Structure formats: structure tokens, C-alpha cells
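This report looks at charged side-chain pairs and at one packing of two helices. Please have the chain at hand.

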Amino acid sequence: MPSTTENPASPKGSPPSAIPDLRDRLPKLQPRRRQAPPSNPLPLPETPELPSPPDLSTLTFKKPSRRILSPKDHDLFLASPTYKLVVGFVFGLTESVVDTPVSAIRDGDLSPAVKTILQILDKVQDVVERSPPEEQGDSRFGNKGFRDFLDLAAEEHTEWHKQLGITSSAAITEISTYFLQSFGNRTRIDYGSGHELNFMLWLLCLYQLGIVTRADFRSLVLKVFTQYLSLMRIIQSSYYLEPAGSHGVWGLDDYQFLPFLFGSSQLLHHPFIRPLSIHQNLILEEYGNDYLYLGQVNFVNSVKNVEGLRWHSPMLDDISSAKSWSKVEAGMRRMFVAEVLKKLPVMQHFLFGSLVPAVEEMSTEEDFGVPSEEEDPEGGETVVMVDGMRHVHQMNSWGDCCGIKVPSSVAAALEAKKRGAGGQGLRRIPFD
């Protein structure tokens with residue numbers, strides 16, 4: 001009788017079936033190699049050499065106007081000395097505050113010119129207090145009292161500029177155009193990073209006139225710009241200024257961009273604050289007054305009715321995963337060049353005068369019969385020539401030409417506070 005262990009199908013006397021050696025069939029394990037991070041296709045923009053102020057005797061002051069009215073005009077600007085002047089000035093300010101908190105600047109360190117600029121911003125705040133907003137119920141769109149504020153500022157700014165030592169009425173007319181544009185658009189009652197850029201151009205004009213110097217750059221950021229930022233938060237909350245586009249041109253914040261550029265430079269080599277620290281409320285509260293980046297994140301959190309950067313500011317949330325502030329600062333530089341100076345829908349509102357000159361071959365508003373920046377019709381339509389065709393563009397819109405008005409999230413937060421915790425809340429909207 002055969003054994004129960006034998007395979008009846010196998011020939012008698014043959015060895016049992018061998019177990020296959022799988023080691024020869026499986027691929028050999030290889031050590032995992034760390035993949036190099038994807039390289040940024042945009043080169044890191046260099047800081048152009050900032051030229052010395054021009055010889056004022058060669059200039060003829062004039063009211064600034066738009067000159068970028070076609071793609072050709074834009075190309076001329078990008079190849080011009082004025083492009084390098086603007087980039088050199090903004091990046092020069094950025095480099096002046098590397099590793100420097102706001103508290104490092106003492107009042108005794110300020111030049112007389114910087115002190116006068118701070119006094120002018122105090123007077124602008126006084127004008128806000130004398131121009132109360134109109135009663136408009138629970139509307140979260142721009143309050144028409146903002147126009148009263150701008151009209152009163154336009155009446156009083158001449159004396160303010162004379163306190164800076166500017167005696168020429170033509171020079172005051174030129175530089176005050178940037179100054180008044182830096183608070184928002186009178187017709188659209190909105191504010192965005194383009195208006196913020198106008199404040200930088202006003203400071204650039206003061207540099208071109210020799211009123212402020214390179215020695216003032218650190219104070220211009222940590223004292224003057226921080227006070228301007230605080231002033232704009234008061235104006236935004238007083239008049240419910242609408243964002244000039246959804247989340248601004250850069251997608252970082254409804255209104256501002258430069259706090260993130262200057263602020264990342266302040267934190268460049270900080271010993272313990274990291275990009276991820278913006279998710280820690282204690283860090284924001286403890287250091288928000290000293291570092292512009294943290295202060296702006298703190299402000300954004302305070303006016304949004306959704307918890308978490310991931311939901312209301314996803315780009316800021318993404319940036320917080322960067323390994324170092326040098327990566328963040330480099331990215332902000334790229335954004336300033338690629339998303340502002342190289343974008344025609346933004347730069348068509350850039351104003352040129354004698355201190356921030358245009359290229360002679362660039363178009364003029366008279367060539368195309370377009371209104372000036374201050375005379376934009378309700379809705380903010382502007383005309384740009386593209387391939388010989390008149391193209392209507394709306395600046396208070398989502399994207400390039402959708403024309404969707406965006407209500408103020410600051411207004412939503414303030415209206416909710418008026419009702420209190422137990423009051424009836426406002427209907428939520430996607431833009432909050």
C-alpha cells in the first residue's frame with residue numbers, strides 16, 4: 001500500500017516538488033534617493049543699482065498720467081530705466097530691513113524728513129475722523145463717505161507737502177497725485193495692492209527730490225510704511241473699501257502685498273520663528289507688532305469669519321510650508337516682478353510724470369481718447385488697445401474682465417461685531 005505522503009501523480013522514485021526560490025524573481029531593493037525639489041522656472045530678480053536723484057534743473061514737473069495703453073507700451077516700460085528705478089527702490093527698501101524688527105528703530109534715529117512724513121500721515125488720519133461714513137444699513141460694499149475723505153485730503157495736502165520743503169506748485173501737483181491715489185480709488189471706492197504701490201511711488205518721488213535719502217530707507221519701511229499700513233486698516237474699516245479684485249493681484253491678501261515682502265526680509269535669519277509659525281496664535285500675538293509679515297497675517301485672521309488660513313488664504317497657507325524665510329523672500333521678489341510689473345492689466349494703471357518718467361515712444365491718454373485714472377466711470381472701466389482693438393477692462397472685478405464686485409470682508413467682520421454674539425448674523429457669502 002503506497003504511503004499517504006507520496007504524490008500519486010509523480011513517477012515512482014522521483015523527488016518531491018521543490019519550493020521555488022523567490023529571491024531570484026523579486027527585484028533587488030535599492031536605497032531610496034531623495035528627489036531634488038522642482039526648480040522654480042522664474043529666475044530670482046536681482047536688485048538693480050539705484051541711481052542717484054536726477055538734476056532737478058533738467059525736469060519739467062507735470063501731472064502724472066497713464067502711458068501703458070498697449071502691449072507695445074508695456075514692453076517699452078520693461079526695457080526702460082524707470083523699470084529698473086522702481087525695482088531698485090522697492091528691493092533696496094527690502095534689503096534695508098534684513099533681520100531688523102520694528103522696535104530696533106528709535107524716534108531719535110529718524111531724520112527731520114521722516115518725522116514730517118509721519119506727521120502728514122497723522123493729519124490724514126485726522127481727515128478720516130472729520131469725514132464720517134454715511135449710514136448705509138448693513139451693506140458690506142464701499143461707503144460713499146470715502147469720497148468726502150478724499151476730497152478733504154485733496155484740499156489740505158498742499159500745505160502738508162510744503163512742510164516737506166517743496167515750494168513748486170507744479171512739483172506738488174505731480175507727487176500729490178501718487179499720494180492721493182495711495183488711499184484707494186474715489187469712483188470705485190476700492191483699494192488694492194496697486195494703490196499700495198502708489199504709496200511707494202510717492203516715497204520714490206521724495207527720494208528723487210532729495211528729501212529722503214538712502215540713509216532713511218530702514219525708517220521708511222519700519223516707521224513710515226508701518227504707520228501707512230495702520231492708517232489703511234482704519235480707512236478700510238471706516239469706509240468698507242472693496243478689494244480691487246478678489247484677494248488682490250497676488251492672491252495673498254485682499255488689500256496688501258508689501259508687508260509680506262518687507263516682512264519676510266525682516267525674518268530672514270530669525271533664530272526660532274519659521275514660516276510655519278504663522279499658524280501659532282501665540283507667535284502672532286507676541287511678535288506681530290515687530291514683524292510686518294506676522295502682523296499682516298494676524299490682521300487677516302481677525303477680519304475673516306472662517307477659521308484657518310487654509311480656508312480663507314490658501315496661498316499664505318501653502319507658503320508657510322517653505323523651509324526657510326529666504327525661500328519666502330525670494331518668492332515674494334518673483335511675485336512682485338512677475339505678477340505686478342509684468343502684468344498689463346495691472347500696469348495699465350501705472351502713472352508716469354517727470355520723476356517717474358515714461359519712454360518717449362509710449363502712448364498717451366490723448367492718443368486713444370481714454371479718461372484719466374481719476375476720471376474712470378462708475379464700475380472702473382478702462383480702455384486698452386490690443387492688436388488695434390479697443391478693449392474694455394474692469395478693475396473691480398474677478399479675473400480680468402468679469403465685472404463682479406467683491407464686498408469687503410472687513411465690513412463683514414465689523415457688521416457681525418455690531419450684532420454681538422447673540423445677534424442675527426449676516427448671510428455668508430463666498431468671498432468672506
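Is glutamate 339 buried, partly exposed or exposed? Glutamate 339 counts as partly exposed, because its relative accessibility is 27%, and the partly exposed class runs between 20% and 50%. The model is a predicted one.

**Salt bridges**

Glutamate 339 has a charged partner. Its side chain meets that of lysine 343 in a salt bridge, with N to O at 2.7 Å. Lysine 343 is partly exposed too, with a relative accessibility of 33%. The count for the model comes to ten salt bridges. Three of the pairs are set out below.

| Pair | N to O distance |
|---|---|
| Glutamate 339 and lysine 343 | 2.7 Å |
| Glutamate 156 and arginine 130 | 3.0 Å |
| Glutamate 365 and arginine 66 | 3.4 Å |

Take glutamate 365 and arginine 66, which form a salt bridge at 3.4 Å. This pair links distant parts of the chain, 299 residues apart. Glutamate 365 belongs to helix α15 (residues 365-368), and arginine 66 to strand β1 (residues 65-66). Is arginine 66 buried or exposed? Arginine 66 is buried, since its relative accessible area is 2%, below the 20% limit. Glutamate 365 is also buried, at 9%.

Glutamate 156 bonds in the same sense to arginine 130: the two form a salt bridge, with the closest N and O atoms 3.0 Å apart. Glutamate 156 sits in helix α4 (residues 145-162), while arginine 130 lies in the loop between α3 (112-129) and α4, so the pair ties together parts 26 residues apart in sequence. Glutamate 156 is partly exposed at 23% relative accessibility. Arginine 130 is partly exposed at 42%.

**Helices α2 and α13**

How do α2 and α13 run, roughly parallel or roughly antiparallel? The axes of α2 (residues 81-96) and α13 (residues 325-341) come within 12 Å and cross at roughly 155°. Therefore α2 is roughly antiparallel to α13, as an angle over 145 degrees counts as such. The crossing of α2 past α13 is right-handed.

From α2, the contact uses Tyr83, Val87, Val90, Phe91, Thr94 and Glu95. From α13, Glu329, Arg333, Phe336, Val337 and Leu341 take part. By class, this contact of α2 with α13 holds seven nonpolar, one polar and three charged residues.

Glu95, Glu329 and Arg333 are joined into one network by salt bridges that share partners. Glu95 is among the contact residues of α2, and Glu329 and Arg333 are among those of α13.

Note on methods. Residues numbered from 1 in each chain as written. Predicted model: local features only at pLDDT ≥ 70, side-chain atom pairs only at ≥ 80, totals over all residues. Heavy atoms only, no water. Salt bridge = Lys/Arg side-chain N within 4 Å of Asp/Glu carboxyl O. Helix = DSSP H or I, 4+ residues; strand = E, 2+ residues; numbered from the N terminus. Buried < 20%, exposed > 50% of the residue type's maximum accessible area, 1.4 Å probe, protein only. Axes fitted to C-alpha atoms, helices over the stretch in contact; angles between N-to-C directions. Parallel < 35°, antiparallel > 145°, perpendicular 65-115°, else oblique. Left-handed = near helix turned anticlockwise from the far one by under 90°. Contact = heavy atoms within 4.5 Å. Nonpolar A, V, L, I, M, F, W, Y, C, P; charged D, E, K, R; others polar.
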